[in-house]
Amino acid sequence: MLLKELLQKYPKKEDQLIEILLEYQNEKIDHYISKEEITEVSKYLDVPESKVCSVLSFYTFFSDKPRGKHIIQVCKDVPCYVSSNIDVLKIIEKELGIRINETTPNQQFTLEFTSCLGCCEAAPAMRINDKIYTHLTADKIKAILSEYKVYM
Amino acid sequence: MIEMKLVSKRFGKINPLSIEEYIKFDGYKNLVNALSMEKTEIIEEVQHAYLRGRGGAGFPAAIKMMALAKETSEDKYIICNADEGEPGNFKDRYLMENDPHQILEGMIISAYATGATKGFIYVRGEYQKSMSLLKWSIDEAKKKGYLGKNILGKKFNFDIEVRSGAGSYVCGEEFALIESIEGNPGRTRVKPPFPTTKGLYGKPTLINNVETLATIPLIIEMGGKEFAKIGTPSSTGTKLISLSGNVKNKGVYEIPFGVPIRDVIYKLGGGIENDRKIKMVQLGGACGPIIPEYMLDMIIDFERFEEFDSKTGAGAIIVMDERFDLFDILLKIVRFFEHESCGKCTPCREGHIQLANLVIKFIERKATVKDMVSLESLARVIHQASLCGLGQTSPTAIISSLKYFRDDYLDRIEHPEKA
């Protein structure tokens, strides 16, 4: 969906800023908000561009740089750490050939850290786009990643 | 049996998508009853129940409700704080995913009692499933006339909107949360004025945790005085505990206040995986104290937790067995807060970076007695000189470990050669 069309769904109210950015970034294949889009959103809501930028830089969900089609987030907090017999991050890094905070050359995957995903009873956990995967094992991680590589 | 399923009584027994099943299982019955009560009577029941906030701080719910009720502004808001970002906590997610209508019912009753005109549920961005379920449930409740205009034929209008977080732990703090709903970066404000005087969009606002609101229908059902018979004098009712780490049966358990931590770990959690020994247990989440095995007979109770000077009351128990090193854990905790600090207060913004540097010295066995003293004094500065709950509670793990795991510190200082 074009940003222009998406904006029409929202009332011209300042408090819609985060909702707009979330929805739009989610729809974009490269999951980021560009300079031109910052200008367009700021004009629509009649807020300064600096305000849009401050929100973008504050919240970890947002990015002002292009990212992969699928964003993989690995939990780095204590409950996952103590419940894991495997190093989830290392397995993914090896599988995709990238390091943390990098994107695969084919723009398919970006690898990031996340704070606790709130499913510590099913640790270790990771999130790909909006979906949370739990009870991870080395084999399970590889299977999930191949599914994304082949079908999505 | 030490479990007592009251707030979680419907978990797994109803389809959370079905309002009919909720209604069949006593749902919205308490709203109907509450609407036939005087508004002040409802708040009195909450007062008699001595319900304390379930989000961590344990503030008496009735005091906040009274504060909102006496405000005369035309617009008054209720916010359900579902920004459950504290590592090791997942009980609010269980509530939203297993029994969303109970939360809505609690919000509607609270709104009626306090004269609130609109409700918001601020859900952390990671909880997509919870968000979809809540949105669905709100639509269902509207169709049945539990939300909207003239609710159940009364002159009472109330609506609820779901708002998404965008990956920020500090937005669980009440003013940071308000800023976030208003579309700003989540940086807290100076109090007073408190939200019940000047909150969302400058209007009086009541902010309660998911579990607190979900307990309101139960209080109407049981009556405040009966509710207060459960638990301990300082902490009435039941508490949802998020049990995680190296226990056999991780999960959410509802217990009456007053149960010893050891019973939760061994009787409900089934003990430690591979029957290892416990090295340490963190209470409440990343912002909570780390205690040693010999303290596990302490009971779960707000008053007991208060000695840690932390917001321990959200009910997380993270168990770590003997394979884990205190300083590795501390570094993860400090890094978490370093990342999540909003940057407004210097002690919090800069302090966590320095705390991490000091903890690394202990990991590398390069620390001296002076480093231990610096660690303690810096932790206390962050605790005392930060504006919001993040900085005030983030050093708790360090401060408590200095007290209960002093030998671990001294070992690192006295035996640099082991590195």
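B:Gly245 stands opposite B:Val319, a residue of strand β9(B), in what is a predicted model. The contact belongs to a pairing of two strands: β5 of chain B, spanning residues 238-245, runs parallel to β9(B), and four bridges join them.

Strand β9(B) also pairs with β7 of chain B, which covers residues 278-283; here the sense is antiparallel and the bridges number five. Within the pairing of β7 and β9(B), B:Met280 is found opposite B:Met320. Strand β9(B) thus has a parallel partner in β5 and an antiparallel partner in β7.

The surroundings of β9(B) may be considered next. This strand comprises residues 316-321 of chain B, and six of its six residues are buried, so that the strand is mostly covered, where buried denotes a relative accessible area under 20%. In a regular strand, side chains alternate between the two faces of the sheet. On one side of β9(B) lie B:Ala316, B:Ile318 and B:Met320, and on the other B:Ile317, B:Val319 and B:Asp321; all are buried, and both faces are accordingly covered. B:Val319, the residue opposite B:Gly245, and B:Met320, the residue opposite B:Met280, therefore belong to opposite sides of β9(B), and each is buried.

Attention now turns to enclosed space in the model. There are five cavities of 30 Å³ or more, and the largest has a volume of about 80 Å³. Its lining consists of 13 residues, of which B:Cys342, B:Cys345, B:Cys348, B:Cys388 and B:Gly391 are the closest to the centre of the cavity. By character, the lining of this largest cavity comprises seven nonpolar residues, five polar residues and one charged residue.

Terms used: Residues numbered from 1 in each chain as written. Chains lettered and ligands numbered in written order. Predicted model: local features only at pLDDT ≥ 70, side-chain atom pairs only at ≥ 80, totals over all residues. Heavy atoms only, no water. Buried < 20%, exposed > 50% of the residue type's maximum accessible area, 1.4 Å probe, protein only. Pairing = 2+ DSSP bridges. 1 Å grid on protein atoms, 1.4 Å probe; cavity = no way out; pocket = protein on both sides within 12 Å on 5 of 7 lines; lining within 4 Å. Points joined across faces, edges and corners; volume = space filled by probe spheres on them. Nonpolar A, V, L, I, M, F, W, Y, C, P; charged D, E, K, R; others polar.
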